[in-house]
Amino acid sequence: MRNASALSRFVATMIAVGALLSGCGQAPSSPEHDAGSSDVGLSGVQASAGQAGAANGAGVPVAAGSGGPVSAGSAAKARIGSGIDPASLPGGSVYRNPANGRNEVIVKDSSNTAVLIGDSQSEPSFGWPRQGLAAAGYKVFFCGRGGTGYVASNGKTGNYIDALQRGDWKLPYGTPPLVVLEGGGNDAARGASDAQIVANAERLIAIIQQRYPAARVLMVGTLARGAHYGGGRRSEVDTLLGKVANRHGLPFVSAGDWLTRYNLTGSMADGVHLNRHGHAALGAVFGQRLEAMGLEYQDPALLAGLYH
């Protein structure tokens with residue numbers, strides 16, 4: 001009964017939240033594989049035109065991402081910062097931020113937008129990290145692609161840190177309240193060493209904290225079966241990332257045993273990806289975890305009213 005109640009609250013929240021905002025990234029791909037979808041460039045200025053309401057396999061409304069991807073080599077023209085008011089630009093415009101010299105994406109009403117950096121667990125519009133963030137009250141700006149990780153790349157784009165540095169994807173302009181770093185599965189599958197994973201994770205953390213000093217940064221570990229149920233290297237990487245987060249004083253959500261803990265081994269699309277029912281179930285779990293950690297979205301206006 002308790003699980004049913006939690007799922008009911010999750011469904012209600014998903015309906016209330018509405019459209020998820022897809023960002024940096026690339027068009028959503030199928031969770032059946034780790035390969036990324038093809039790049040879609042922008043021509044001039046991209047307008048946000050999301051479409052909500054697609055239903056997942058559990059009947060939970062999941063909004064499609066809005067607009068097209070902002071990808072490396074696209075035809076998007078950056079608006080240079082000098083003389084340009086970024087607030088006047090349409091959502092989806094690429095803006096050259098004079099403060100850091102990097103191209104960034106204009107996101108309207110970014111005050112409740114979480115930036116999600118991840119792999120194929122996060123890439124689909126119905127991915128459990130996106131659903132959990134939506135349940136916690138956030139719109140989502142996704143950066144990343146299936147087949148990537150802290151060390152792993154997929155042949156079309158680099159690993160998290162390299163892709164960011166060379167502009168394969170672009171972060172949003174402004175200050176999001178939350179940045180989520182999810183991944184590790186592809187690093188585990190491709191034999192990345194502990195030292196490589198730690199070094200690149202710490203580089204990414206440093207850059208994100210430099211770009212968004214006021215944002216909270218959350219690390220989410222590697223989805224697996226658990227160390228005693230065949231989780232293997234995936235569970236090891238989950239533990240490793242937890243140690244990195246702890247060393248930097250960052251909150252961490254371990255997913256290294258979630259497939260067995262929540263009885264979802266029968267809800268797999270393949271050996272490592274969930275089907276839609278599984279994504280919905282873990283979306284509810286992740287949303288509850290965010291709330292328990294005090295990381296759900298809190299409207300500043302409402303909070304101000306509580307203290308006046």
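Reader: How do you know whether the crossing of helix 2 and helix 8 is right-handed or left-handed?
Author: It comes out right-handed: the near helix is turned clockwise from the far one by less than a right angle, whereas anticlockwise would be left-handed. This is a predicted model, where local features need pLDDT of at least 70, side-chain atom pairs count only at pLDDT 80 or more, and totals for chains, interfaces and linings use all residues. Residues are numbered from 1 along each chain as its sequence is written, and side-chain values use heavy atoms, leaving out hydrogens and water.

Reader: What makes helix 2 oblique to helix 8?
Author: The axes of helix 2 (residues 128-135) and helix 8 (residues 276-292) cross at roughly 45° and come within 7 Å. Under 35 degrees would be roughly parallel, over 145 roughly antiparallel and 65 to 115 roughly perpendicular, with the rest oblique, so helix 2 is oblique to helix 8.

Reader: Which residues of helix 2 meet helix 8?
Author: Among them are Trp128, Pro129 and Leu133, and on the helix 8 side Phe286 and Leu290 are included; contact means heavy atoms within 4.5 Å.

Reader: What makes the largest nonpolar core a core, and which residues touch the most other members?
Author: Such a core is a set of buried (under 20% relative accessible area, 1.4 Å probe, protein chains only) Ala, Val, Leu, Ile, Met, Phe, Trp, Tyr and Cys residues joined through side-chain atoms within 4.5 Å. Of its 34 residues, Ile117, Val179, Leu181, Ile208 and Met219 touch the most other members. Helix 5 gives the most to this core, with seven residues.

Methods:
Axes fitted to C-alpha atoms, helices over the stretch in contact; angles between N-to-C directions. Helix = DSSP H or I, 4+ residues; strand = E, 2+ residues; numbered from the N terminus. Buried < 20%, exposed > 50% of the residue type's maximum accessible area, 1.4 Å probe, protein only.
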